[in-house]
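Colleague: I am new to this structure and would like to go through it with you slowly. Could we begin with what a term means and then turn to the details?

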Amino acid sequence: MFKSMFEKIKKGIEKTKRQLIEGFSSISFGRKVDESLFEDIEAVLLKADVGVKSTKEIVSFLRQESKRRKITEGQELKELLKEKLYDILKDCKGDIRFTGEKPDVILFLGINGSGKTTSAGKLAYLLKKDGYSVVFAAADTFRAAAIDQLEVWSERVGVRMIKHQSGADPSAVMFDAINSAKSRGEDIVIVDTAGRLHTKEHLMKELQKIKRTIQKFSPNQPIETLLVLDGTIGQNSINQAKTFREAADVSGIVITKLDGTTKGGAIIPICKELGIPVKFIGVGENLDDLQPFNPKEFVDALFD
Ligand SMILES: Nc1nc2c(ncn2[C@@H]2O[C@H](COP(=O)(O)OP(=O)(O)O)[C@@H](O)[C@H]2O)c(=O)[nH]1
Ligand SMILES: [Mg+2]
């Protein structure tokens, strides 16, 4: 189980890995440490969208620390680099914080196309596999197609879904979904929201209304407000995330599409600059393509 998950992550971040590894194999860690090796590492990190700031920090750490430890072999420098990446990412993780209230509510936020509905579906699959009963709230009522898309996931995963007509008030859908789950004693409501982002004020109002509705049931909810970021836009997602962070208490980040991007290195500045744990990564479009983010496995997979 653990092994297959590891393989999956490896496969998922293959493109990122290729970007890093190909760079590394072309420079070859099998040589002595010299100035050009640092330059090559720097170029590779920048290409993987680690960002100027983090890249500088990493490379200057490598320079100083390799001097201090009297490292002369490229292979040892590679280990030092892994150590540093792990050090940056190690606290950037977290499990879902269940309260055991029935239902616990998990809210998905993010702009259109970031992967909210897909991640909601995949998370439902993971939770169901763990024995939880899950209900979807189709609170993206903006487009009929959005409701249909969630419905497809509800059939695939085998979980109930509460929906209204398109154009209905998202809060009303949520209210019904929570009520319905509560009366049946079900464990978790997963809320799929619309990704409209007119203005910050608009976003804030909408999110506050959603929150008020949820808190009519319990002040402890939602247990998670997960912000979904599209991994293919790399570091550009950071500003987007800051806007959402100001509008809502984002408790965790989901980075999607890490299977299809060379910009997966952006997870490093995302972790450093936002101070919000990355709870899951999306590595494909199948049911089992959502992984709890595990920094150690992630770094190992990059260098394996
Ligand atoms: N390759 C890949 N595609 C994904 C992933 N997550 C979402 N997608 C695709 O991204 C597109 C937008 O996803 P969707 O869930 O509809 O985004 P939403 O608008 O935020 O709900 C869809 O075509 C998904 O299949 C992922 O982890 N990997
Ligand atoms: Mg959607």
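Modeller: A residue is called buried if 20 or more other C-beta atoms lie within 10 Å of its own. Please keep in mind that this is a predicted model.

Colleague: With that in hand, how many of the 8 residues of helix 11 are buried?

Modeller: Helix 11 spans residues 267-274 and is mostly covered. Its buried residues are Ile267, Ile268, Pro269, Ile270, Cys271 and Leu274, so that by the cut-off of 20 or more C-beta atoms within 10 Å the number of buried residues in helix 11 is 6.

Colleague: Which helices and strands do the buried residues of helix 11 pack against?

Modeller: Among the partners of these buried residues are two strands, strand 6 (252-256) and strand 7 (278-282). The helices they pack against are helix 4 (52-68), helix 5 (74-89) and helix 10 (237-247).

Colleague: Which strand gives the largest share of the largest nonpolar core?

Modeller: In soluble globular proteins, nonpolar side chains tend to be buried together. Here the largest nonpolar core has 80 residues, with Ala124, Phe136, Ala137, Val189, Ile190 and Val191 having the most contacts inside it. Its largest share, 6 residues, comes from strand 2 (residues 134-139).

Colleague: Which helix gives the most residues to the shell around ligand 1?

Modeller: Of the 20 residues around ligand 1, those that come nearest are Gly115, Lys116, Thr117, Thr118 and Gly282, and the shell divides into 2 nonpolar, 13 polar and 5 charged residues. The most, 3 residues, come from helix 6 (residues 116-129).

Conventions:
Residues are numbered from 1 along each chain as its sequence is written. Chains are lettered from A and ligands numbered from 1 in the order in which they are written. This is a predicted model: local features need pLDDT of at least 70, side-chain atom pairs count only at pLDDT 80 or more; totals for chains, interfaces and linings use all residues. A residue is near a molecule or strand if its C-beta atom, placed from the backbone, lies within 6 Å of it. Helices (H or I, at least four residues) and strands (E, at least two) are DSSP runs, numbered from the N terminus. Ala, Val, Leu, Ile, Met, Phe, Trp, Tyr, Cys and Pro count as nonpolar, Asp, Glu, Lys and Arg as charged, and the others, Gly among them, as polar. A nonpolar core is a set of buried Ala, Val, Leu, Ile, Met, Phe, Trp, Tyr and Cys residues joined through C-beta atoms within 7 Å. A residue is buried if 20 or more other C-beta atoms lie within 10 Å of its own, exposed if 12 or fewer, and partly exposed in between; C-beta atoms are placed from the backbone. Two residues are in contact if their C-beta atoms, placed from the backbone, lie within 7 Å.
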